[in-house]
Amino acid sequence: MKLGILVTKVRHLGHIVDLTKAAIGKDHEVAIFVMDEGTQLLGDRKFSDLAKLNRVSVSFCEHSAEAHGIDKTKLVEEIESGSQFGNAMMNHNSDRVISL
């Protein structure tokens, strides 16, 4: 199974980490797409470390990141910059999607 997690807020970091680790612990794949206010999590090590885990992909909306003043040069290389097309692909390719 592939779980998609759409992150739009900063207040759910603990849930994002726990859901991701529980899913990969059950041998599921996780795709995380970050946009809007959620892009502020990109600089948090607890969040960015998720992108380094096996079976986890993390991407973000470049437009949202720019709007929130995120310095993309400081992000870990495993996190992919993209557009809302990445969000659409995550939704299309996931069996279930959670929005936080």
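How many helices and strands are there in the chain? In this predicted model, the count comes to 4 helices and 5 strands. Followed along the sequence, these elements are arranged as β-α-β-α-β-α-β-α-β. The radius of gyration is 12 Å, close to the 13 Å that the globule rule gives for 100 residues, so the chain is as compact as a globular protein of that length. Along the principal axes, the C-alpha atoms fill a box of roughly 35 × 25 × 25 Å. Of the contacts between residues at least 6 apart in sequence, 74% join residues at least 24 apart.

Turning to the interior, buried residues account for 41% of the 100 residues. The largest nonpolar core has 24 residues, and those touching the most other members are Ile16, Ile32, Val34, Leu42, Phe47 and Val58. At least two residues of this core come from each of strand S1 (2-7), helix H1 (13-25), strand S2 (29-34) and strand S3 (56-61), with H1 giving the largest share, 5 residues. Phe47 offers a handy viewpoint on the packing: beyond its neighbours within four places in sequence, Phe47 is in contact with Leu13, Ile16, Ile32, Val34, Leu41, Leu42 and Val58. A second core, separate from the largest one, contains 6 residues, among them Ala31, Met35, Cys61 and Met90.

As for the surface, the chain exposes about 5700 Å², of which carbon and sulfur atoms supply 48%. The chain carries 12 positive and 14 negative charges, and the mean positions of these two sets lie 5 Å apart.

How values were computed:
Residues numbered from 1 in each chain as written. Predicted model: local features only at pLDDT ≥ 70, side-chain atom pairs only at ≥ 80, totals over all residues. Heavy atoms only, no water. Rg over C-alpha atoms; globule rule 2.2 N^0.38 Å. Buried < 20%, exposed > 50% of the residue type's maximum accessible area, 1.4 Å probe, protein only. Contact = heavy atoms within 4.5 Å. Areas by Shrake-Rupley, 256 points an atom, 1.4 Å probe, with all protein chains shown as cover. Lys, Arg positive; Asp, Glu negative; His and termini not counted. Charge placed at Lys NZ, Arg CZ, Asp CG, Glu CD. Core = buried A, V, L, I, M, F, W, Y, C linked by side-chain atoms within 4.5 Å.
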